[in-house]
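Here are a few short exercises to work through with the model open beside you. Try each task before you read its solution.

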Amino acid sequence: MAGLPYDLLSMEDLDRPQIEAVMARAAFYKRKVFAERARMDVLAGKTVSTLFFEPSTRTRCSFELAAKYLGAEVLNVEISTSSTAKGEGLKDTGLTLQMMGVDLFVIRHDASGAANLFASYVEPPVINGGDGMHEHPTQALLDLMRMLELMGSVEGRRVAIIGDISHSRVAKSDCICLGKMGASVVICAPPTLMPENPEALGAEATYDMDRALDGADVVMMLRLQLERQRAGLFPSVREYHRLYGLTPEKLAKAKPGAYVMHPAPMNRGVEISNPAADGAQSQINQQVACGVAVRMALMDMMIGEGC
Ligand code: CP
């Protein structure tokens, strides 16, 4: 089996055989957990700590459940009531938890690069649960898993990633991951939400949503990250929805039956309409189940019997 790197901080850390190995193990765990309702003990005696300096429902809860399904102890650090609130820095928080016997850290932070910095301070492996505008590698892996479940392979498939690309860690991790797996990725945003150097993501770039949708097998919508925006990047939310929001009419411009994805949380009525989010082509809820399986696979392969 392809071994994994010590830390998982970026999709750059994994090569294609390693990604394929994670996908195979995640498929195994998805069957075990959701079809057989099995609980395992491959992480018995291990402690996983989640440190979320930024809000999260999916990533934090799925890491917690994934660790518990594998038999680990889970230490969720409540940042607002921890010594961080008294000004303690990342290094001292990390070293303190390390000395309590943590075997693996999962960190989310609003600062780009915080996961790398944290990993430089602590001895146990670190998984990046999303750091600022940098990366969200486990989201990219779960997105890939759902695509593989639906299409078998993404080789040669066209994936349109549409929305707030410049602020999106998901877009960056998805582009790297899908590129390694042979997909053809097109990114689409208004000029003010497109990165300065879109070619660096290895994707075709366009400001025209119809062009992005043309021939797309998968339409990945991104949340408009109002919390990361400086004012004035687009005239109004209504204007944004008209030009870049996914509706059934816009979706009809993609390949027939194209799959709709979104990392969530969604701004319904902004980047995606209710009928598009809840329609038969939507995979948004199924992505969540893949998230549990992918995180089980990673933790097993990094600190469990599968490492
Ligand atoms: N997709 C994602 O990272 O969701 P959360 O912010 O709820 O973890």
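A polar contact here is a pair of N or O atoms within 3.5 Å. Keep in mind that the model is predicted.

**Exercise 1.** Find out which atoms of threonine 59, threonine 57 and histidine 136 lie by oxygen atoms of the ligand.

Solution. Start with threonine 59: an N or O atom in its side chain is 2.7 Å from an oxygen atom of the ligand. With the cut-off at 3.5 Å, that pair counts as a polar contact. Next, go to threonine 57, where a backbone N or O atom lies 2.8 Å from a ligand oxygen. Last comes histidine 136, with a polar side-chain atom 2.9 Å from an oxygen atom of the ligand. Now for the surface: on its own the ligand exposes 250 Å², and the protein buries 92% of that.

**Exercise 2.** Work out where the ligand sits and what kinds of residues surround it.

Solution. First, look for the largest pocket, as that's where the ligand sits. Then check the shell, whose members include Ser56, Arg58, Arg108, Gln139 and Pro263. Sorted by kind, the shell has three nonpolar, five polar and two charged residues. Finally, domain 1 (11–134 + 288–303) and domain 2 (137–284) both give residues to this shell, so the ligand lies between them.

**Exercise 3.** Track down the backbone features at proline 265 and arginine 37.

Solution. Alanine 264 and proline 265 are both in the ligand's shell, and a cis peptide bond joins them, with omega about 5 degrees. Proline 265 belongs to the loop between β9 (259–261) and α10 (274–278). Now move to the loop between α1 (16–35) and β1 (47–52), where you'll find arginine 37. Arginine 37 isn't a glycine, yet its phi is positive, about 55 degrees.

Notes
Residues numbered from 1 in each chain as written. Predicted model: local features only at pLDDT ≥ 70, side-chain atom pairs only at ≥ 80, totals over all residues. Heavy atoms only, no water. Near = heavy atom within 4 Å. Polar contact = N/O pair within 3.5 Å; in protein donor to acceptor, adjacent residues only side chain to side chain. Areas by Shrake-Rupley, 256 points an atom, 1.4 Å probe, with all protein chains shown as cover. 1 Å grid on protein atoms, 1.4 Å probe; cavity = no way out; pocket = protein on both sides within 12 Å on 5 of 7 lines; lining within 4 Å. Sits in = over half its atoms within 2 Å of the grid points. Nonpolar A, V, L, I, M, F, W, Y, C, P; charged D, E, K, R; others polar. Domains from an automatic or database assignment. Helix = DSSP H or I, 4+ residues; strand = E, 2+ residues; numbered from the N terminus.
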